[in-house]
Every structure is written in structure tokens, then in C-alpha cells.
Amino acid sequence: MGKTLIIAEKPSVAQDIARALGGFARSGEYFESEQFVLSSAIGHLLELAVPDEYEVKRGKWSFAHLPVIPPQFTLAPIEKTEDRLKLLTRLIKRKDVDGIVNACDAGREGELIFNYIVEHARATKGVQRLWLQSMTGDAIRDGFARLRAANEVEGLRQAAISRAESDWLIGINGTRAMTAFNSKTGGFHLTTVGRVQTPTLAIVVDREERIKHFVPRDYWELEASFEVAAGHYSGRWFDEKFKKPDDDEHARPERLWDAARAAAIRAKCLGQPGHVVEEAKPSTQLSPLLYDLTSLQREANGRFGFSARTTLQIAQALYEKHKVLTYPRTDARALPEDYLPTVRGVLGHLAEPYDSFAGHILQQGWVKPNKRIFNNAKISDHFAIVPTGTAPKHLSEAEQKIYDLVTRRFLAVFYPAAEYMVTTRITRVAGEPYKTEGKVLVNAGWLAVYGKEAAQDDSTPSLVAVKKGEIAKTLDVVVKPNQTRPPPRYNEATLLTAMEGAGKTIEDEELRAAMAGRGLGTPATRAQIIENLINETYLHREGRELSPTAKAFQLMIALRGLKIDELTSPELTGEWEYKLAQMEHGSLSRDEFMKEIREMARHIVLQAKTFESDTVPGDFDELSTPCPRCGGVVKENYKKFQCQKCEFALWKIVAGRQFETSEIETLLSARAVGPLMGFRNKMGRPFNALIKLNDKLEPEFDFGQPRGEEEGGESVDFTDQTPVGPCPKCAANVFEHGLAYVCEKSVQSPRGCDFRSGKVILQQAVEREQMQKLLATGRTDLLKNFVSARTRRKFSAFLVRQPDGKVGFEFEKKAAAPKAAAGDGAAAKKTPAGRAKAGADAAVAAAEAAPPATKKRVTKTAAADAKPAASTRKRKTES
């Protein structure tokens, strides 16, 4: 009898399966028992690639080679995991293996990973599907007892492949077409677009444009102070006949748009008696629904500031590593209707501080059929995120926060509604109504699970008592002037909500759940979409806010001007997501979907190719700083910042980086700006530089050490500067100087010290505040945007003062982190390769901090090769 090969998505899952089923012996990178051979992928092992006949070198993309629509797709092994692919191919082809179990994650991505592997291996053996909702031993054994036939998940397989191919087609054709369009006048201006990424960006840009063009309006409110026998209270005037107009989002019943009318009402009411009418009504508030991934990410961002990606990583670790939560990549907020016994079992196993609430739920018999909680119609492949009942051990602080959110929400949903008594008091003075409201929590219900904090959040003070027929004395009426405010910038929580509603901000969570099928992306992909936009510098994180960059506005202006609605309409993209969901459930054919996607790719290319001009009309800024040559007005257009009176102009994109308007304002007014990050040379390597206007008012890169650093040069005068802190080598003062922080003695003649540390190290900006901390305490805060010189991956580290006075790295401790990432960080340092990598990055950091050699050169193009870490050069920044 032959054996069955089990392919999991990750090595840790393969180990869990081996432990749960038992009887396995390890043989290198796979396990084997009498019945099974067990191994795993390491995430994606293959990716879609451009077929050879369509491949064009980057930098030479043109419309002549577009659109790229291959009749069939090519799969290319991912180099760093190619050995694992070879192993799995060998195991699939073993003669004693007569069947395969797909044990990759139960979702679109897991289906794609597995299907690419078996397609690459040309496997013809029968396939069954393991479908897990949690990673406990019991759940794994139960899953193997109920393996699904391959045809049961055929819709999911087709949707997974179609999603990958459609993203590829739109990404490749859109990016190459927009890059070709933006490179018409020379240079290579990489412009990335994506099927879901770009409509998401359109949501953020649209909000920023509303903020930018917002014109505040003055309004006034009236607040009266009253006195009765029991004490004082206040009331706010309102318009009893108010009806919300369709065309004024700022209209409210308490707002007056005329100052004279507000003053007249005040004068009318001052000193007049108030007649009180009061009504008290009971009110109830149901607990929120159980979490799906998006609502969990939204809550964690609002409460703790966690990014969507961080929350997903933590939830995945709580599912996979700690086994205390069910599968997190879900869009469902309900449980299966046959899950009642499981819920009772989970409640029976919850430990402190949750056990008292769980025991009360069981004692009261509150686990019973309820369509709001148990509803097969509201779940698809996965149900809501809930605890498994496994006791959590050794959780990090961040993991504990997410576990607590999920567990308390799980408990709260079984508790009865919170009950309030809401009192509405109308005090009528000279015929003008003033409203006062009070809200008293009568029965905590589900709020008991959250303790006093939640009760306080949801309660307003009770009102002082007014006797029946008592007349209130009007002590004062205050006119409060105010202005309307623009809509707030998106943060990750509100952007996730907007993505879920395809750009429509839907506050009601049950209505939002109904709309979720037409949202942008899926719960599993939204976090990465946001991260991609940040990594591509379309968005910046500013605190918790997300703000679009000049590059983002430029892309939206181009797409709108070219009439490529497919990439600017969130609603249209939401429809594509809905069609993929239909395909999963067998109600839409893959051929029909892909035909529409291919037409969309052709249309994008055609619109960009046939646009007659190399510029695009748009809503551009006029700069406040005048032209340095003639004093005329400088105005932005699609390609340049152009003087309206003379020929002076500055390119908007230089060496692959787009200038912000504020940076150009600084350059024009101060004749220098920077150091700026994000430039790239011809080899694609990033570099940082100051930009200066020379005597001819031409912009130049300046990597050079300023006068005084070279041996024998003049000493630098720091009289007008405030020291950053004491030099760690000689205790003299450290000052900002060009692209570095330097000891004052290092720029004296003769040189008395060599301390110097770059303002940018491995693409991480070292702000003055951080250098002050380093010099004062020996350590910065954790800095999260270093980019490894060897692997090009981001990592986090502290900058520390070493015993010899130099600046070095201290890596973040990751022992309790949710997931040890291969590559950068403390976990990687445990291996020889990790230590070598850390050493290599430290060496590059040291090189960036060391005084460069003195050398100047002017070249014709901004993209000319430069190595600013090792030499000093100046060159013109022409496009």
C-alpha cells in the first residue's frame, strides 16, 4: 500500500501535524511514518514570471513591447527557496507516494502556493484538502478525519490562480505603460500601479484633496446655564424644525450660520425663566460582533497604534505558534451553527481573568442558538476569530493585548445587552428650546466584561433633578463661535474601513459586513497593500496618520488625465473582488473573468499610448516663493516647477525620486535642501544627498564634506549653532554639519578629533533628537527603517555609543516576538550568517559615518552612478 504525501505551508505547521498524528521520524527536511510522508513549503516557492519572448530590460520599457498578455503563464522558482522546491518535487515523484494532501493554509493564498508546486512538478496523483480552523492537536486530527475532495475547493483554486494572474497582468502592463508615458521626455521614471493598490491610493488622495481645498465656514452655538433648587445644569440651543439637507454635510440642528441671529437669541433669552419638559426612556446597546481580521486590525490600530501588518503577524502567531486563537485571515464575524458544544468547551477552559465571565455565561445558559452569533449564511471558508481554549503561555506584551481583545469580545457577545436610562430635558426660554441629555447605566450587561473603563466610556453624567412644574432660572447664555473642519486624514483603522466598503465609509458594522464582498482586497491582503504603498513612497506614516506624497498626486493626475478609470475607481475594483468571490463559489467562470481582465490591461496601455501630449492637465500648486532668477511666479505642472515669466524650471523627478512642493519651496528660498533620501543611481542603488542651487541657479547634488573637514582646511565657525551634545571621544561639542553630526574639533585646523556620524545611516534618517539621546544616554530609541546593505530588507535597531566612542548597532530582542523573521534582527544574529550580515551592515553604517574623500564632479544626468558613502561629488540634477 502506497503512502500519502502531506504538504504544509510552513515548517512549523508540518511539525504540528507530525506531533498531532504521531508515529513520524524525521529525515532531513521531511518526516515519514508508515502511512505518510510529510514536508512543507516555506511560503511561496514559485512566482509568475514574464515569458522570455515578452521580457524587456528594465529601463527600456516602451509602448512597442506592450501590452504583455501571454497565452499562458510561466512559473519561476524563487531563488532563495529553490532547494525546498526540489525536495518537494522529488517527494511528489516518489513511486511509493500515491496521493497528496494539501495542508497549506485554508484560504486563497495557501491554495495558490500548493497548486503552483504541483503544477511545477507536473503531478498527476490524487489530491485531498486539509481544512483547518485552528491548530490544536484535536483540530488537526479531526481535519484529517474529514479531508475534502479536490473538487470541493475547485472554485477556490480557480479564484486563487485568477487573482494572481489578474494582479500580474494589471501590474505589469499598468506599471510599464505609466513608466513609458512618464519617460517620454527622457530618463526612466518608474511608476508602479496595481489592480488593488492604486484604487486604494485613490481613496487617500481623494481625502487629501478634500482637505487641501476645504474652505472653513463660521458658525455659532448657544449654551445656556440654568439654576434649579437641586443645583445647576446647562443646555444647548437647537432648531426644532431642522431637516438634514442633502448638499451640506456640516449642517447640524445646534449650529447657527448667522452671528446676528445668535446674538439676537441670546439677548432674547437673558434673564428669562425656563420652562422644563423632561422625558426618560430606556435604551439598550448590543455587544459588538465577533472579530474578523479587518475589524481586529481596525481596533488594534485605534487602541494600540498597531499597523494592520503588525496585527496580522501577531494574530498569525497566536494561531500558529501559541494555538490560542482560531485562523485569523477571515472575513466572517459569525460562527457555524453546529459550534455550540465547542463554544461551551472553550468557555470551560478559559483561565483567569476570563474564567469568572465564562463561568457566568455557562451558569446562565447564554450559549444558545442566535443568528447574530451562530449563522452558516454569514461564514464562508472560515468563521470569526475566537479563542481555542488552550491556555496562553509566554505571550509578549503585544500578543497579550491582541489575545485579550479577541477573548473579551468572544465573552461579551454572549452577555445580554447593556441597559441605559436616557433622559432628555428641554428647557424653553422665551420660546427658544435648549436641550440637555443624561445617560445612566442601569444594567452593565456585556460591559461588565470590560470593567469600569468601558462603562465610563459609554456613560454620561446623570442630570440634577427638576421638580414637576419648577421654573429654571437662566443665569447666562454664551455665544460660542466656531468653524467647520475638514475631514480627518486616514489612519490605518479608517483606511481599512474605507477599503472594506470600496471607498464608502460605512459606520454601521452589520451593513458594512453586507458590503464586505465588494471591498478592496481581502482581509488577508489589505495590510500588505497598505505596506506596499508606504514602501513605494506613495504614502507616508506621520504618527498614526497616512498622508499621500507628491508621487501619489502625480500618479492620480496622470490616471485621471488619461481616463484610466479602472485604476482610480474603488467601486469598480470592489466589483472585481466580488467576482473573484463568485468564482470561489462556482457562480462565475474563470475564462469569463480573465477575458475582462485582459481587456482591462489592453485599455490601460491604449489610453497611455495614444495620449497626444507628454503632459497632463491637473490641479497644480502655485509656489509662495518667487523665481530666484526673475522674481516671477513659479507654478507646478505635470513634469516641472516652472517660472511663468522666464525659462527657469526644476524637474519634479530626479534620480527616481519625486520632490515634495515643500522641498522645492525650501530649495528656492534657502538655495539648499536636505539631506534627502530615496534617490537611486543607474544601478538602482539608493543614495542620499543635499540639493543645492549653484551660482547659475542650477540644482546640484552635494555629497561633499563642507569646507574645513579636509586636512589643512579652514576651521568651521559654529558660533550661531546650538550644540547637539558632548563628543563621545573627546567631550567637545558635536554640531550638525552638512550630511553629518561632527565633533567641532574634527573640522578645526589642525584636526583634533575624528568623531563623525551620518544624518542618514542605511537609509534611516537619524533626527537631531535621536542624536541628542545617543550622545546623552548612549542609545537612541528603536529605529525601524534601516535597510540592510546585503539583503535590501528593512530591520530595526538601536544606535548605541560604543566604548571607543564610535556609533554601532544594538539589535532589537526578538525572543518573545510573534514570529522570528529570517534575515534582520536578533534572531538572525544567532547564526553565523546572521552575525556576518549584522557585521556587514555595521561596516556599511560605519562607512556612511566616516569622513569621505574630497572629490567633485559634474555630470549631465541625475541618474549617473554615484557612491556617496565613499566619495564626495557634485553634479547637476537634470532629468
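In which sense do β18 and strand β19 pair, and over how many bridges? I looked this up in the predicted model and found that β18 and β19, the latter made of residues 640-643, pair in the antiparallel sense over three bridges. As one point along this pairing, I noted that E636 stands opposite F641 in β19.

I then followed the sheet outwards: three strands form an open sheet in the order β18-β19-β20, with antiparallel pairing. The edge strands are β18 (634-636) and β20 (649-651), each of which pairs on one side only, and from one strand to the next the twist averages 15 degrees. Helix α20, residues 661-670, packs on this sheet and touches β18, β19 and β20, while its direction makes about 135 degrees with that of β20.

Next I turned to strand β11, residues 231-237, and asked which residues make up its covered face. I listed G231, Y233, G235 and W237 there, whereas H232, S234 and R236 lie on the uncovered face. A hairpin of two residues joins β10 to β11, and these strands pair in the antiparallel sense over six bridges, with S225 standing opposite S234. I also found two bridges joining β11 to strand β14 (residues 432-443), which run antiparallel; here R236 has K435 as its bridge partner.

Finally, I checked the confidence: the chain averages a pLDDT of 85, and 87% of the residues score at least 70. Over residues 815-879, however, the pLDDT is below 50, although this stretch has 153 contacts in the model beyond near neighbours in sequence. Residues 453-459 also stay under 50, with ten contacts beyond four places in sequence.

Key. Residues numbered from 1 in each chain as written. Predicted model: local features only at pLDDT ≥ 70, side-chain atom pairs only at ≥ 80, totals over all residues. Heavy atoms only, no water. Pairing = 2+ DSSP bridges. Helix = DSSP H or I, 4+ residues; strand = E, 2+ residues; numbered from the N terminus. Axes fitted to C-alpha atoms, helices over the stretch in contact; angles between N-to-C directions. Contact = heavy atoms within 4.5 Å. pLDDT = per-residue confidence, 0-100. Buried < 20%, exposed > 50% of the residue type's maximum accessible area, 1.4 Å probe, protein only.
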